[in-house]
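Here is a short tour of charged pairs and buried cores. Please keep the structure open beside the text as you read.

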Amino acid sequence: MKFASVVHDGKRQSGIVAHDRLRPFEHPVDLLDLVVEGEEALREAGERALTASLSVPLADARLLPPLQPPTVRDYMTFESHVEGVARGYGDAVPEEWYVAPAFYFTNPYAMIGAHDDVPVPPGCGRFDFELEVAAVIGKAGRDLTPEQARDHILGYTILNDWSARDLQGREMRVKLGPAKGKDTSTTLGPWLVTSDELERHRDAEGFLDLALTVAVNGRTVGRDRLANMAWTFEEMAAYASRGTWIRPGDVLGSGTCGNGGCLAELWGRHSILEPLPLVPGDSVTMTVEGIGTISNTVVEGVAPVPLPPARRRR
């Protein structure tokens with residue numbers, strides 16, 4: 001099943017996607033509310049919607065993020081990406097990266113839809129994209145094994161972790177972050193695809209072997225396969241649950257794929273800003289096999305509100 005949230009004729013609706021149309025749930029309800037109720041409730045609501053006569057052409061609606069996640073953990077699971085970015089700083093992949101799937105918490109309030117415009121973050125001069133796939137948690141749990149975690153993953157969506165590289169680089173020099181470098185926009189979409197839909201793509205090691213591509217202004221700049229992750233989503237979910245809870249609606253991003261999954265990796269490999277950072281008017285299109293396509297256009301942002309430098313106390 002595929003579930004989406006849209007705005008159509010000024011009204012927000014969630015439902016099941018079938019044949020380029022949204023069939024809204026019988027009773028107006030947020031997708032997240034049904035996810036919290038449980039997978040069985042979600043599937044029953046989807047099946048009832050399929051038999052109803054009401055439907056909305058997706059071409060006439062604005063796609064929203066499928067759901068509003070309570071938390072978003074974004075990982076770094078592609079060794080090629082880590083190596084390429086590190087090369088730009090004269091570094092290599094740190095040994096610590098191989099120990100466990102590292103992640104940071106990003107802003108759940110910054111989610112935008114599959115075709116929404118993306119403003120340049122205030123003060124940013126090196127704007128970038130990041131092609132990722134995200135798992136959505138469907139059942140609460142803690143201290144899970146990877147085997148247990150499979151039953152806790154409801155489905156998958158595409159994630160674009162928009163990045164202000166100059167802001168990110170500055171703030172991470174104080175050994176904290178990323179923060180404002182990743183704080184203003186994250187695309188989720190175009191819909192939530194349930195895990196069973198992608199099961200045929202699972203390889204012998206448990207990875208989903210999906211083709212990933214990203215294009216800027218129609219020119220392909222990156223392509224990879226999701227199976228090149230260093231950890232499975234089940235292993236990532238198990239690690240996320242270590243000593244704490246994961247709950248319905250939580251999002252786990254794969255981290256940026258390799259082979260051009262972001263501009264920063266290519267800058268690191270080429271030792272120049274090529275391709276150039278994103279500017280207003282650029283469009284970024286991402287396609288993931290079995291899930292779909294998202295495409296966002298960069299627009300002018302706002303100027304940063306001035307703040308004073310730190311008061312030096314020494």
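Arg43 and Glu39 form a salt bridge, with 3.1 Å between the closest N and O atoms. The model is a predicted one, and this pair is a good place to begin. Both residues belong to helix α2 (residues 39–51), and because they are four residues apart there, about one helical turn separates them. In general, an α-helix has 3.6 residues a turn, so residues three or four places apart point the same way. Arg43 is partly exposed at a relative accessible area of 22%, and Glu39 is partly exposed at 34%.

Another salt bridge joins the side chains of Arg165 and Glu130, at 2.7 Å from N to O. This pair links distant parts of the chain, 35 residues apart: Arg165 lies in helix α5 (residues 165–172), while Glu130 sits in the loop between β10 (127–128) and β11 (131–137). Both Arg165 and Glu130 are buried.

A further pair is Asp183 with Lys180, whose closest N and O atoms are 2.6 Å apart. Asp183 is partly exposed, its relative accessible area being 21%, whereas Lys180 counts as exposed at 52%.

Here are the three pairs side by side.

| Salt bridge | N to O distance |
|---|---|
| Arg43 and Glu39 | 3.1 Å |
| Arg165 and Glu130 | 2.7 Å |
| Asp183 and Lys180 | 2.6 Å |

A search of the whole structure finds 21 salt bridges. Through shared partners, Asp128, Glu130, Asp161, Arg165 and Lys182 are joined into one network.

Now let us turn to the nonpolar interior. The largest nonpolar core has 64 residues, and Phe129, Tyr156, Trp162, Leu226, Phe233 and Leu278 are those with the most contacts inside it. What does Phe233 touch, leaving aside its neighbours within four places in sequence? Phe233 is in contact with Val133, Ala134, Ala135, Ile153, Tyr156, Leu226, Leu252 and Ser254. A second, separate core has 21 residues, including Phe3, Ile16, Val35 and Leu192.

Helix α3 (residues 79–88) makes a good last stop. Its buried residues include His81, Val82, Gly84 and Ala86. Among the elements covering the buried residues of α3 is α8 (263–270). Just after α3, Gly90 takes a positive phi of about 70 degrees.

Conventions:
Residues are numbered from 1 along each chain as its sequence is written. This is a predicted model: local features need pLDDT of at least 70, side-chain atom pairs count only at pLDDT 80 or more; totals for chains, interfaces and linings use all residues. Side-chain values use heavy atoms; hydrogens and water are left out. A nonpolar core is a set of buried Ala, Val, Leu, Ile, Met, Phe, Trp, Tyr and Cys residues joined through side-chain atoms within 4.5 Å. Buried means under 20% relative accessible area, exposed over 50%, partly exposed in between (1.4 Å probe, protein chains only). Contact means heavy atoms within 4.5 Å. Helices (H or I, at least four residues) and strands (E, at least two) are DSSP runs, numbered from the N terminus. A salt bridge is a side-chain nitrogen of Lys or Arg within 4 Å of a carboxyl oxygen of Asp or Glu.
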